[in-house]
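Let's take a walk through a protein model together, one piece at a time. Keep the 3D view open and turn it as you read.

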Amino acid sequence: MKWAGISYALVIALLSTSAGAQSDPKAELAKLKPKDFPTQPIEFTVVYPAGGGMDVSARLLAKHVENWSGDRIIVNNRTGGAGMVGHSYLATQAKPDGYTVGVIASLLWGDAMLRAQGRWSFTDLEPIAYVNSDALIWVGSTDGPYKGMSIKDVVNAAKDKPNTIRVAIVPGSMWEYILDQIEANSGAKFLRVPFQGGGAGITALIGGNVDIAQGFFSEFRGYLEGSKVTPLAVAAAGRMDFLKDMPTFNEAFGSNEYLWQLVRYAVVPKGTPPDRKAYLAAAVQTAMKDPELIAEYRKQGVFFDPKLENSKNLAADLNAYAEVERQFYVKTGRLK
Amino acid sequence: MFERTLNVFWIVFGAASAVYAWSLGMVGPAGPESGLFPFIASIIVSGAGIVLLLRRAVVAPDFPRGGGLWRVLGVILGLMVMAAEMPYLGFSVTSFITMIILLRTVDRSSWLSAIALAFVSTASVFCLFGQILGMALPRGPWGW
Amino acid sequence: MMEALNGLLTGFAVILTPSNLYLCFLGSLIGTLVGVLPGVGPLAALALLLPVTFTLSPIGGLVMLASIFYGAMYGGSTTSILLNIPGEAASVVTCFDGHQMARQGRAGPALGIAAIGSFIAGTLGVVIMTFFAPAIAAVAIRFGPPENFSLMVLGLVCTLFMISGSTIKGVLMMALGFLTAAVGLDVVNGRERYTFGSVDLSGGVELLAVVIGLFGIAEILSNVETMAKSTLLADRIRGLWPSLADWRASWRPILRGSGLGFVLGLVPGGGPVTAAFMSYALEKRIAAQPDRFGKGAIEGVAGPESANNSAVAGSLIPVLSLGIPSNPVTALLLGALIIQGIQPGPLFIAQRPDLFWGIVASMYIGNVFLLLLNLPLVGLWVQFLRIPYRVMFPVVLLLCVVGTYSANKNVFDLWVMLGFGVAGYVLRKLEYDLAPFVIAFVLAPLLEQSLRQSLVMSPDGAMILIKRPVTALLLAVSVVLTFLMFRRRTKSEGGLP
């Protein structure tokens with residue numbers, strides 16, 4: 001009798017696990033795993049220094065991909081040249097054998113179009129999964145001569161007193177481009193103080209060394225909570241969930257061209273075998289559906305672009321965004 | 001003699017660098033441009049070279065001869081081999097080979113002790129960095 | 001005052017659990033080992049071990065990471081003293097006198113003073129942190145580009161004091177350091193300088209490759225030249241413990257190093273590397289007989305080793321009180337906090353007193369662990385000197401290669417290391433002092449960037465440098481020091497060198 005009971009329990013257990021296995025993402029993923037891959041850790045390449053926004057996103061992702069796929073993932077920072085070194089590595093040197101996945105941002109497009117000088121193009125990297133998007137936000141200080149002003153007030157002040165309002169920028173990228181647009185459209189003139197990253201600019205803002213800083217939410221969230229900064233406007237299509245009172249630039253100026261977002265996505269070098277590429281894509285996408293990861297990302301203040309989340313052809317959609325950026329470069333004379 | 005050559009090298013190098021820096025632009029509307037600081041540094045290098053050349057006290061360097069020279073060159077060659085082959089043969093193989101070469105030529109150990117030491121050190125470094133610390137060392141065509 | 005003590009008690013309550021203590025000890029151990037390995041420094045170790053902290057509690061993970069950071073400062077002096085090869089960039093200076101002491105059979109006292117100085121400085125740093133962190137942070141935040149610029153200028157001027165041998169050659173080395181630092185992207189406008197189309201160069205020249213090459217590889221090349229079939233360094237090991245005379249000579253450099261290092265840790269671009277160099281320059285400037293430096297003066301070990309430890313405490317203040325990292329290691333710690341879901345910022349201490357004070361308390365304990373770890377190890381390390389060099393050098397060479405590679409995982413850095421190794425070897429024979437090159441290389445980027453930022457953000461150009469009090473003061477001090485230095489040099493060398 002005892003044995004019958006045990007066998008009965010075993011059968012039930014087997015049936016329930018196999019029934020459960022049908023909707024179990026881990027099992028689904030395991031089915032896609034190619035034979036004898038991976039036999040060594042997979043590298044997630046991050047082209048920015050450890051501890052920064054991109055790095056944090058990538059490490060969170062790596063943690064969850066490891067959980068879901070059971071493979072070992074090592075995050076590797078290949079830094080230098082504001083991302084240029086890492087991008088070039090991924091595009092030209094990384095072996096397309098499935099062991100290298102780049103977790104990159106759309107700043108790749110600027111590097112590819114303006115700085116690669118024909119050595120590589122962003123089509124050398126094939127997107128496999130969308131991670132998240134981060135929109136550029138302008139913040140002002142809660143101290144100082146411009147406190148309490150709205151974004152329109154600030155721009156008007158810059159118009160009345162050209163070259164007095166100091167804005168922190170990161171040269172050669174969207175931090176500058178949005179200023180080009182604003183200045184062109186309103187006639188205002190800001191004083192551009194260069195920094196190596198958004199975070200450094202926000203530090204300068206708090207120290208009273210610049211008047212406006214630009215950055216992403218995760219870079220100033222702590223200061224927001226500490227009431228040291230106030231957000232002025234965001235360069236996105238719609239308002240952000242976590243800062244509902246902050247207008248978008250487009251709203252404030254009645255336009256639709258102030259769209260400056262960082263799109264983070266995962267890529268593999270061109271030529272990666274299709275089965276490995278499909279497996280990696282599925283692994284990242286499975287991790288991206290994990291509610292824990294989504295919650296952690298939301299805390300970072302990123303948002304999920306619906307168009308890219310549900311994209312049927314990620315590469316095409318990303319290329320469309322890249323094309324918009326290219327048009328901007330041509331229009332402003334940076335590209336022929 | 002050698003030192004004089006070096007001083008001439010400083011002068012020429014500094015001058016070439018200054019020309020390049022000049023082409024980057026010196027001063028712009030926003031203050032110093034990319035070239036200003038390198039330009040000043042290059043001028044200092046050339047200037048120092050000139051002053052050194054004019055001095056009478058000169059150092060006579062004692063470069064190695066004979067066995068010493070070969071040993072030094074051996075180490076340099078060993079490092080060049082490591083840097084050149086590591087991307088292709090992977091870390092383990094390259095360092096094993098290089099260590100054997102170094103131990104045999106520079107040190108003149110016996111084959112047995114050279115191989116043993118090379119194997120042990122390569123393996124322990126590989127384990128320490130590759131496994132324990134989790135650092136990705138280059139892998140060769142054999143996967144390790 | 002009272003709330004600081006209260007906070008500290010909270011912190012100890014948090015930290016004195018078996019698992020947290022174990023993590024603190026583990027981190028100290030790993031940090032020491034990492035420091036000992038040439039090239040692999042706290043940054044590489046923290047980046048590698050970051051994923052491990054995901055499975056730990058926030059306080060556990062942070063305590064471990066922090067103890068690796070300052071643990072590396074303890075271990076870094078070991079290879080510097082024994083082999084003249086820096087354990088990491090902040091220990092380069094310890095090579096100068098520490099290794100000479102080893103050659104004189106006094107490796108034990110050198111290692112001992114390094115460990116004890118590190119302990120005193122580390123603890124002092126934490127004490128200041130305990131009582132003054134928020135106040136200091138409020139001051140540090142106001143350090144803007146003009147202040148950074150003047151501080152870097154002061155640093156460069158102090159470097160002039162450090163130059164052994166010909167001043168002209170030293171200045172030439174500094175200029176070369178400036179040029180080498182210019183390779184890569186111009187931070188201010190993003191243009192490529194001196195890269196000549198190479199992608200690898202567009203990231204700039206890696207400091208670790210330079211340091212290991214100039215001091216590590218060059219050292220190996222020199223030694224290999226005269227390789228005897230005997231042990232390397234000392235024929236006799238004369239005692240393991242610092243003598244009374246050593247103590248008398250060292251206690252003031254230790255205190256000075258602690259103070260200097262702490263201040264330099266606070267400012268961006270400072271940190272343990274700058275602190276160690278500046279401390280050496282300071283000690284040499286103040287010493288009654290500066291010629292003893294470079295020949296085994298224990299002050300040259302005591303000061304810098306203390307400075308790099310208190311710099312760790314200094315650099316933790318902006319991160320923990322304001323959420324602002326002042327160097328790559330603290331940036332990584334920040335990232336670790338964020339990944340754990342904690343938002344560092346001005347409210348960090350108020351919102352998470354358990355974390356802040358837990359870390360502070362762990363630093364007291366960590367320093368004790370490290371002292372207890374490192375002192376007995378002195379006896380062990382000294383035995384390493386008995387290993388025949390001909391056996392040791394390939395292993396050391398291998399470690400140098402891996403250490404350099406660990407920085408960017410880029411084989412190009414190995415070529416840089418080799419190039420600088422050969423250059424360092426040759427230049428040493430021609431009596432060029434290499435230290436000014438390194439310090440200029442480290443300080444130049446921030447100096448240039450700060451000056452250009454200052455000029456851009458100031459409505460009246462260079463006047464900003466005079467109008468801001470701290471900047472003006474630091475620049476004035478620099479001018480005075482330069483003048484004093486030239487007077488001293490002209491007097492001692494009887495005419496310009």
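Before we start, bear in mind that this is a predicted model. Let's begin with chain A, whose domain assignment gives two parts: domain 1, made of residues 37-133 + 261-331, and domain 2, covering 137-253. Notice that domain 1 of chain A is written as two stretches of sequence. How far apart are the centres of these two domains? Taken over C-alpha atoms, 27 Å separate the centre of domain 1 of chain A from that of domain 2 of chain A. Where the two domains meet, domain 1 of chain A puts in eight residues and domain 2 of chain A puts in eleven. On the domain 1 side of chain A, the residues that touch domain 2 split into three nonpolar, five polar and no charged.

Now zoom out to chain A as a whole. Along its principal axes, the C-alpha atoms of chain A fill a box of roughly 90 × 50 × 30 Å. Inside that box you can look for 14 helices and ten strands. Chain A has 336 residues, and 52% of them count as buried. How does the chain fold back on itself? Take the contacts in chain A between residues at least 6 apart in sequence: 74% of these join residues at least 24 apart.

Chain B is next. Its four helices and two strands follow the pattern α-β-β-α-α-α when you read along the sequence. Of the 144 residues in chain B, 36% are buried. Among contacts in chain B between residues at least 6 apart in sequence, 53% join residues at least 24 apart. Chain B is also divided into two domains, with domain 1 at 2-54 and domain 2 at 67-132. The centres of domain 1 of chain B and domain 2 of chain B, again over C-alpha atoms, are separated by 39 Å.

Time to see how chains meet. Chain C and chain A are in contact through 43 residues from chain C and 44 residues from chain A. Which parts of chain C supply at least two residues each to this side? They are helix H3 (42-54), strand S1 (184-185), helix H9 (199-202), helix H14 (328-339) and helix H19 (435-457) of chain C. H14(C) gives the largest share, seven residues. By type, the side of chain C that touches chain A has 26 nonpolar, 14 polar and three charged residues.

Let's stop at one residue in helix H9 of chain C, namely Asp200(C). Is Asp200(C) buried or exposed? Asp200(C) is buried, because 23 other C-beta atoms lie within 10 Å and 20 or more are enough to count as buried. Leaving out residues up to four places away in sequence, Asp200(C) touches Val85(A), Asn410(C) and Phe412(C). Asp200(C) and Val411(C) are 211 residues apart in sequence, yet C-alpha to C-alpha they are 9.7 Å apart in space.

Finally, look for the nonpolar core. In soluble globular proteins, nonpolar side chains tend to be buried together. Here the largest nonpolar core has 325 residues, and Leu46(C), Ala175(C) and Val438(C) touch the most other members. Helix H6 (residues 107-140) of chain C brings the largest share of this core, 16 residues. Try clicking on Val438(C): apart from its neighbours within four places in sequence, Val438(C) is in contact with Val92(C), Gly177(C), Val210(C), Val211(C) and Leu214(C).

How values were computed:
Residues numbered from 1 in each chain as written. Chains lettered and ligands numbered in written order. Predicted model: local features only at pLDDT ≥ 70, side-chain atom pairs only at ≥ 80, totals over all residues. Contact = placed C-beta atoms within 7 Å. Nonpolar A, V, L, I, M, F, W, Y, C, P; charged D, E, K, R; others polar. Domains from an automatic or database assignment. Buried ≥ 20, exposed ≤ 12 C-beta atoms within 10 Å, placed from the backbone. Core = buried A, V, L, I, M, F, W, Y, C linked by C-beta atoms within 7 Å.
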